[in-house]
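Work through the exercises below with the sequence and the model open side by side. Each task is followed by a solution that proceeds in steps.

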Amino acid sequence: MNLNSIELETVEYLRTPAAIRHKCDRLFNLASEDKLRHFRIDLTKLDQAANYVMETTREQYPDFQIPFHSRWRHFEVGNQPRLAQLDLAIAQFTLLEKAQIKFDLAIISVLLDAGAGADWHYCEAETGQIYRRSEGLAVATFRMFCQGFFSSNPDFPWQADALGLSELTLETLATGFQVSRENPLVGLEGRLELLQRLGKAICQHPLLFGGENQRPGNLAKYLLDTHSGGFKTIKAQEVLSAVLTGFGEIWPGRYVIGGVNLGDVWRHPALLGEYQDSEFVPFHKLSQWLTYSLLEPLQELGLEVVELDELTGLSEYRNGGFCLDIGLLQAKDLGIFSESYLPGSEVIVEWRSLTVHLLDQIAKAMRAKLDLSATDLPLVKILQGGTWAAGRKIAGELRAGGVPPIQINSDGTVF
């Protein structure tokens, strides 16, 4: 793939958290001047929003010892010792092999974590418990992973390898998710396509994923090998960069520059300008969610993760829903709430952009109230404590079933 220097520079820029913040800040400034079509801002609600998130956090973490916002929290739902069971099952392996297994699990589970819809549930055979939405997807993918659904080696179930992913069928995935006419899962075909494309993509990057038995989890070895100096620190942004490089080609139907798939990057006409990337607004929501979910296995390898706050908040319907439901965001036309939208629609791009900026504002307000620094209370913990839980809580208070305020037509690959 031969990109000219301008194209290469544009692609690299759109893959940075700095670009996410820059573009979202520009749209926020326009909204503050009431120059956007769909939403206006009301920062008089910021204090109320920060207080609501702090109260929600204290309910879950009274001592404010908050873990990272990551997929690992969902594997613990129902206070079941699933991770302890996994650790026991893989106890004989080396630290690196364990990290590769956990990378495989986290990557597969996050990529399958797009919105499930209000009608789907998963009944866990091992506990008899029923789970829905993100937690249901997490438990389902955990059980599927441990049973070898994504492995081509029947003697080694705890992996997702290129062959196992490429040969995965819709019937197998539907069985794992317990999908039926009475139990529909939104975007099942999109999820399958994503995993099949993942199986192909990891074969294109031997430096990241190895030349033999290519697995997403081999990214753990790459990151360890490239950060094995005296201090053993790794920047969160470096993990995101590897994720975006390695998995960039898996996203279907996205914008492309010089043949490079941009991923979770969309256009907003208010940013129209003279440069190639002027209209583009990057979010990389699933990629950042994935990055957050890879940090703990890296810590178990002895790497210290630094500069956590370089990454952004996650622009999805729980965080975005909270900003709307608490009143920080206000729709100019109430008809927005009776329609449903594709991810690339102007309404959704605007909503997500303003959410990214407002999450930073909420974080600053909380730290000021608590007299804590960004190091003491990084954004990844505020999300966990936090804004995501607050979004779900306030949605449950306002609408039957806790559905988000704006409906999205998801293909299973964005949210």
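**Exercise 1. Place Phe 64 in the chain, and decide whether Phe 64 is buried or exposed.**

Step one is the location: in this predicted model, Phe 64 sits in the loop that runs between helix H3 (46-60) and helix H4 (71-74). Step two is accessibility: because the relative accessibility of Phe 64 is 18%, and the cut-off for buried is under 20%, the residue counts as buried. Step three is the backbone, where the phi of Phe 64 is near 60 degrees, a positive value in a residue other than glycine. As background, most residues other than glycine have a negative phi.

**Exercise 2. Compare Asn 213 with Gln 214: which is buried and which is partly exposed?**

Begin with the setting: Asn 213 is in the loop between H11 and H12, and Gln 214 lies in the loop between helix H11 (206-209) and helix H12 (219-225). Next, take the accessible areas, which are 43% for Asn 213, so that Asn 213 is partly exposed, and 18% for Gln 214, so that Gln 214 is buried. Then look at what surrounds the buried residue: leaving aside neighbours within four places in sequence, Gln 214 is in contact with Ala 160, Asp 161, Ala 162, Ile 202, Cys 203 and Phe 209. Finally, check the backbone of Asn 213, which has a positive phi of about 45 degrees although Asn 213 is not a glycine.

**Exercise 3. Describe the surroundings of Ala 220, and state how far apart Ala 220 and Lys 332 are in sequence and in space.**

First, Ala 220 belongs to helix H12, and with a relative accessible area of 0% Ala 220 is buried. Second, not counting residues up to four places away in sequence, Ala 220 touches Leu 96, Ala 99, Gln 100, Phe 103 and Leu 301. Third, the separation from Lys 332 is 112 residues in sequence, and in space 46 Å from C-alpha to C-alpha.

**Exercise 4. Identify the residues that touch the most other members of the largest nonpolar core, and find which helix gives the most to this core.**

The general expectation is that, in soluble globular proteins, nonpolar side chains tend to be buried together. Here the largest nonpolar core has 129 residues, of which Phe 39, Phe 150, Phe 177 and Leu 198 touch the most other members. Helix H16 (residues 346-370) gives the most to this core, contributing 12 residues. Another core, of seven residues, lies apart from it and includes Leu 14, Ile 257, Val 260 and Val 265. To look more closely at one member of the largest core, take Phe 39, whose contacts beyond four places in sequence include Ala 31, Leu 324, Leu 329, Val 347, Trp 351, Leu 354 and Ile 406. Lys 332 and Glu 350 are also among the contacts of Phe 39.

**Exercise 5. Determine how many cavities of 30 Å³ or more there are, and describe the lining of each.**

The count comes to two cavities of 30 Å³ or more. The largest holds about 170 Å³ of space and is lined by 18 residues, with Asp 113, Ser 134, Glu 316, Tyr 317 and Trp 388 lying nearest its centre. At least two lining residues come from each of helix H7 (133-146), helix H14 (285-300), helix H15 (317-325) and helix H17 (379-398), and the largest share, three residues, is from H7. By class, this lining has eight nonpolar, four polar and six charged residues.

The second largest cavity has a volume of about 120 Å³. Of its 15 lining residues, Trp 251, Gly 263, Asp 264, His 284 and Ser 287 are the closest to the centre. Its largest share, three residues, comes from H14, and its lining has five nonpolar, six polar and four charged residues.

**Exercise 6. Explain why Cys 123 and Cys 146 are too far from each other for a bond.**

A disulfide is a covalent bond between the sulfur atoms of two cysteines. The cut-off for counting one is a pair of cysteine sulfur atoms within 2.5 Å, and the count comes to zero disulfides. The cysteine sulfur closest to that of Cys 123 is in Cys 146, and because it is 17 Å away, it is too far for a bond. Looked at from Cys 146, the closest cysteine sulfur is that of Cys 123, again at 17 Å. As for accessibility, Cys 123 is partly exposed at 31%, and Cys 146 is partly exposed at 24%.

Technical notes
Residues are numbered from 1 along each chain as its sequence is written. This is a predicted model: local features need pLDDT of at least 70, side-chain atom pairs count only at pLDDT 80 or more; totals for chains, interfaces and linings use all residues. Side-chain values use heavy atoms; hydrogens and water are left out. A nonpolar core is a set of buried Ala, Val, Leu, Ile, Met, Phe, Trp, Tyr and Cys residues joined through side-chain atoms within 4.5 Å. Buried means under 20% relative accessible area, exposed over 50%, partly exposed in between (1.4 Å probe, protein chains only). Helices (H or I, at least four residues) and strands (E, at least two) are DSSP runs, numbered from the N terminus. Contact means heavy atoms within 4.5 Å. On a 1 Å grid over the protein atoms alone, a cavity is a set of points where a 1.4 Å probe fits but cannot get out, and a pocket is an open set with protein on both sides within 12 Å along at least five of seven lines; lining residues have an atom within 4 Å of a point. Grid points are joined across faces, edges and corners, and a volume is the space filled by probe spheres set on the points. Ala, Val, Leu, Ile, Met, Phe, Trp, Tyr, Cys and Pro count as nonpolar, Asp, Glu, Lys and Arg as charged, and the others, Gly among them, as polar.
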